[in-house]
Amino acid sequence: MGMTMTQKILARSSGHDNVTPGMLISAKVDMVLGNDITAPVAIKEFEKAGVDRVFDKEKIALVPDHFTPNKDIKSAQQVKLMREFAKKMEISNFFEIGQMGIEHALLPELGLVTAGDLVIGADSHTCTYGALGAFSTGVGSTDMAAAMVTGEVWLKVPEAIKFTLTGKPSEWVSGKDIILHIIGLIGVDGALYKSMEFTGDGLEFLTMDDRFTIANMAIEAGAKNGIFEVDNETMQYIQGHSTKHYEVFKPDEDAHYVDEINIELSKIKPTVAFPSLPENTKTIDEIEDIPIDQVVIGSCTNGRIGDMRIAAKILAGKKVNDNVRCIIIPATQKIWKQCMHEGLFDIFIDAGCAVSTPTCGPCLGGHMGILAEGERAVSTTNRNFVGRMGHVNSEVYLASPAVAAASAITGKISSPESVML
Amino acid sequence: MNYIGKVLKYGDNIDTDVIIPARYLNISDYKELAKHCMEDIDPSFVSRVKKGDIIVGGQNFGCGSSREHAPITIKESGISCVVAKSFARIFYRNSINIGLPIIECPECVEDANEGDKLEIDLENGTIFNYSNEKTYKIMPFPKFIQNIINSGGLMEHIKTQ
């Protein structure tokens with residue numbers, strides 16, 4: 001039987017000629033990732049194993065990005081533990097404040113992950129790198145610890161769902177709207193344990209930033225991973241960012257999919273996920289007046305340069321509504337610098353936005369923009385669970401940077417078109 | 001080994017943010033973390049839970065963030081087992097890796113009510129509900145996973161390799 005892209009990478013990394021769904025394998029990892037929440041737990045577990053070295057100093061990345069710059073003493077202790085571990089183990093990919101960015105924007109930007117890689121990360125959004133044609137999945141801290149010792153991870157070979165994207169999205173529709181549309185369609189467990197494999201002629205209209213956003217939220221449909229077929233756009237990105245060896249895997253003609261779903265990109269409208277699940281989606285034209293208190297534009301989902309440019313296009317020459325705090329967080333130092341050189345910060349600051357150094361902060365209710373009781377946020381992040389960004393009675397509406405920026409101007413959930421007359 | 005306890009029942013899509021909110025993730029003491037278990041969905045959980053109790057959840061239990069603090073907090077709070085219709089995959093592997101028994105059994109979940117007494121027999125693959133006196137069959141774990149559980153978690157398991 002033929003194999004999917006995911007199955008081919010898993011076969012290669014586990015030393016099998018062929019793998020089939022349901023097989024339990026032990027696979028070699030090309031990169032192991034952890035952050036300031038998950039790595040400290042992993043380090044504790046690592047130390048229990050009684051070994052004095054990691055399997056490969058170059059294949060571990062430690063990114064303190066969640067509660068950083070350290071929001072309090074406890075967080076500072078956690079990062080200190082990571083820093084000391086990195087030094088002791090001579091791990092080269094530890095990213096201190098000043099070089100640090102949000103992990104899933106940073107690793108592709110630095111070329112540390114590439115096509116054909118098998119990546120695990122103790123962070124659920126590790127699935128982001130599937131945009132590059134990698135197999136990439138979130139795991140827990142103990143998995144991270146075990147992989148730091150052995151260089152391997154146990155995995156169950158997933159079944160696959162094929163998403164064929166066709167046509168061209170309309171002007172204000174981006175990767176975020178596409179993935180929210182898909183999650184609305186299949187539900188938060190619609191791809192449980194499965195791989196989501198993206199292909200089709202619509203790919204040519206999706207930038208790498210769009211694809212990172214889509215792969216990033218595969219976990220919000222319960223998927224093990226999301227993976228894109230590699231094309232010219234991917235190759236250009238890889239050649240511009242990475243010197244690592246890469247490998248392109250195409251699906252076999254007779255690869256088996258448990259479901260095949262066609263997505264007509266031209267029919268997708270700007271989409272918003274209502275509290276408290278990413279599957280509670282509505283298109284922008286179905287939404288009545290919902291006043292908001294805060295807008296966040298950033299995160300591993302939507303903090304890339306393409307996202308910043310869209311937000312700036314909408315905010316240019318306009319003012320943030322008096323009732324709204326608008327917080328903009330470029331995901332990495334490089335993106336920050338690009339924003340600065342392109343004059344995007346002038347636009348943001350003149351509009352009345354606050355611009356932050358890279359951090360995951362508000363997305364998980366950590367810091368840098370926590371919601372009070374009864375407050376509502378439109379956020380370009382990935383989760384709108386109960387209490388996710390603050391008080392248990394606050395609300396999060398997930399949207400694209402375009403919708404978020406438009407909403408910041410009007411003070412209610414709004415379509416980009418409504419402010420771009 | 002059998003697990004006997006009373007049911008604390010929850011619905012579908014219980015995410016790891018409500019199991020242990022991120023605002024507590026800078027805490028490294030697991031006993032301290034356990035004081036906040038389920039806080040955002042059931043503030044009375046901590047005062048009600050007794051050692052050995054069993055959480056019963058619906059579909060996609062443990063979805064969202066990969067934080068291993070979620071199964072750790074559940075285990076530390078005294079819960080002996082989690083039974084659900086289905087589990088989110090990272091929560092599933094985290095539970096196996098830290099030695100928290102988790103069981104998929106949609107029929108048992110459907111019938112169980114808050115406060116019911118359950119007895120789970122992993123060896124023979126059954127759950128008995130004392131309230132309705134029904135016995136439910138459960139699928140055994142694959143051997144690969146059973147070996148991890150028998151070793152007492154993933155780190156102990158790799159030491160034996």
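**A tour of backbone oddities**

Start with P69(A), which sits in the loop of chain A between β3 (60–63) and α3 (73–88). You are looking at a predicted model. Now add T68(A) to the selection. The peptide bond joining T68(A) and P69(A) is cis. Its omega is about -15°.

Next stop: another loop in chain A. Select S276(A), between β12 (271–273) and β13 (281–283). Then include P275(A). Here too the bond is worth a look: the peptide bond from P275(A) to S276(A) is cis. Omega for this bond is near -5°. Look at the order of the residues as well. At the earlier stop, the cis bond joins T68(A) and P69(A). Here, the cis bond runs from P275(A) to S276(A).

Now turn from omega to phi. Go to S299(A), in helix α9 of chain A, residues 299–302. What is the sign of phi at S299(A)? Phi is positive, about 90°, although S299(A) is not a glycine. Is S299(A) buried or exposed? The cut-off for buried is under 20% relative accessible area. S299(A) has 6% relative accessibility, so it counts as buried.

Last stop: switch to chain B. Select N60(B), in the loop between β2 (54–57) and α4 (69–76) of chain B. Phi of N60(B) is positive, near 60°, and this residue is not a glycine. N60(B) is buried as well, because its relative accessible area is 1%.

To finish, select S299(A) and N60(B) together. S299(A) belongs to a helix, whereas N60(B) belongs to a loop.

Conventions
Residues are numbered from 1 along each chain as its sequence is written. Chains are lettered from A and ligands numbered from 1 in the order in which they are written. This is a predicted model: local features need pLDDT of at least 70, side-chain atom pairs count only at pLDDT 80 or more; totals for chains, interfaces and linings use all residues. Side-chain values use heavy atoms; hydrogens and water are left out. Helices (H or I, at least four residues) and strands (E, at least two) are DSSP runs, numbered from the N terminus. Buried means under 20% relative accessible area, exposed over 50%, partly exposed in between (1.4 Å probe, protein chains only).
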